[in-house]
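Reader: Please take a close look at one part of this model for me. I would like the surroundings of the ligand.

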Amino acid sequence: MKSETIVVLGAGVIGLDVALALAEKGLAKYTTIIAEHLPGDTSVNYTSPWAGANFSAISSSDEKALRWDKIGYKYLLRLAAQNGTRAFVQETPSTEYWDDMPSQEKLNSMADYLKDFCIIPKTDLPEGVAFGVTFTTVTLNAPMHIGYLIEKLHLDYGIQVIRKKIPDIQSAFLSQDTQLVFNCTGNGARVLPGVQDSKCFPTRGQVVLARAGHVGRNVMRHGKDYETYIIPRPGSNGNVILGGFMQKGVSTHDTFKEQTESILSRTKALLPDLDSPMTEPLAVFAGLRPSREGGARVAMEEIALNFGKRKGTVVHNYGAGGTGFQAGYGMAIEAVQIAEGVLQSILHSSEGTRARL
Ligand SMILES: Cc1cc2nc3c(=O)[nH]c(=O)nc-3n(C[C@H](O)[C@H](O)[C@H](O)COP(=O)(O)OP(=O)(O)OC[C@H]3O[C@@H](n4cnc5c(N)ncnc54)[C@H](O)[C@@H]3O)c2cc1C
């Protein structure tokens, strides 16, 4: 069995979480990651480095999203406790406000597993807020966390990493030996020949990176037509991410002065501690969340290949929108479960090969 038996296409948080779930099942030596962009790169076509990132109630209330969130939260909490410094993940106190009542499904789900979950009494809510909760969240330093993941996968687990842009999904089957491809191409799924999922669209977000070492809390306000948030960045010597924007279908990587001003004034109103000489804006950037009508696609498909009459198995895992860091591990566990039959046959035939030697 060769290292290209399983290919993970994409090295954003979604692909890296899939590679991790494979490695945890003892499949690292049969796995190769292929990606045009790798941790350390900055590109409009690579979303993961631009994320906040935290766990929040921003995801939708459908059953799948709630399930992925729960698995992701438990995994990130464990990671923060066991290896938080190396992984750039930490527990952080969090407050979330809604201008309109959130769905009951979302609230029941959050109350079920979030650490220290409490409903804020109505009398303590800011003006215009219909509902609020406090809980312990997990925050991540997004660019450093994906750097941690690729290092762990490559150095600790020995997974091969190839930088390459592939022209179509069939080309991810590197040779006759490739049996399974995980398609984790983010926004690329909209244009990649053989996938070209027209339900995919970008949701642009602009954020401000600021030094604010005196701020150690996560605060979010889900408005009628806006999202405002403050996310402390672990392992960054006191930096925070201030946001934000959720612009559906907008795909420019440019940043806009009026949006920066809007972010600064909304975040100061939400957390008055920010209105201090100790807060120093450092940089402004924008990223494109890989969104999809109906939510993320985690599903298996058989496709015709370029060589011979063989078919190839693809497990799609894209469309995480604004939740790739919080839900990515849950999505990865499910993507790997979907392919359980193929993965078992890879493990068994490798045992058979060893026995014959
Ligand atoms: C401003 C902002 C704030 C955010 N905040 C949060 C947050 O607080 N919490 C949270 O959970 N999420 C947050 N997100 C969302 C999160 O960043 C995304 O859900 C996540 O990064 C998506 O990861 P991905 O791996 O699907 O895509 P990407 O990171 O874009 O990775 C796609 C990969 O596929 C590769 N690829 C694509 N096409 C090809 C090809 N043809 N050949 C080879 N390689 C290819 C790319 O090179 C790349 O390696 C935020 C996003 C933004 C923009």
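Author: Here is the ligand site, followed by one helix residue.

This is a predicted model, where local features need pLDDT of at least 70, side-chain atom pairs count only at pLDDT 80 or more, and totals for chains, interfaces and linings use all residues. Numbering starts from 1 along each chain as its sequence is written, and side-chain values use heavy atoms, with hydrogens and water left out.

The ligand is surrounded by 38 residues, each with a heavy atom within 4 Å of it. The closest are His37, Ser48, Asn54, Gly321 and Gln326.

By type, the shell holds 18 nonpolar, 16 polar and four charged residues. Here Ala, Val, Leu, Ile, Met, Phe, Trp, Tyr, Cys and Pro are nonpolar; Asp, Glu, Lys and Arg are charged; the others, Gly among them, are polar.

Backbone atoms make polar contacts (N or O pairs within 3.5 Å). Ile14 has a polar backbone atom 3.2 Å from a ligand oxygen. For Thr47, a backbone N or O atom lies 2.9 Å from a ligand oxygen. Gly324 also places a polar backbone atom 2.9 Å from an oxygen of the ligand.

Taken alone, the ligand exposes 1000 Å², and the protein buries 97% of that (Shrake-Rupley method, 1.4 Å probe).

Helix 1 (13-24), strand 13 (280-292) and helix 6 (324-338) each give two or more residues to the shell. Strand 13 supplies the largest share, four residues. Helices are DSSP runs of H or I, at least four residues; strands are runs of E, at least two.

Now Ile71. Ile71 sits in helix 2 (residues 63-87). Leaving aside neighbours within four places in sequence, Ile71 is in contact with Tyr329, Gly330 and Ile333 (heavy atoms within 4.5 Å).

Notes: Polar contact = N/O pair within 3.5 Å; in protein donor to acceptor, adjacent residues only side chain to side chain.
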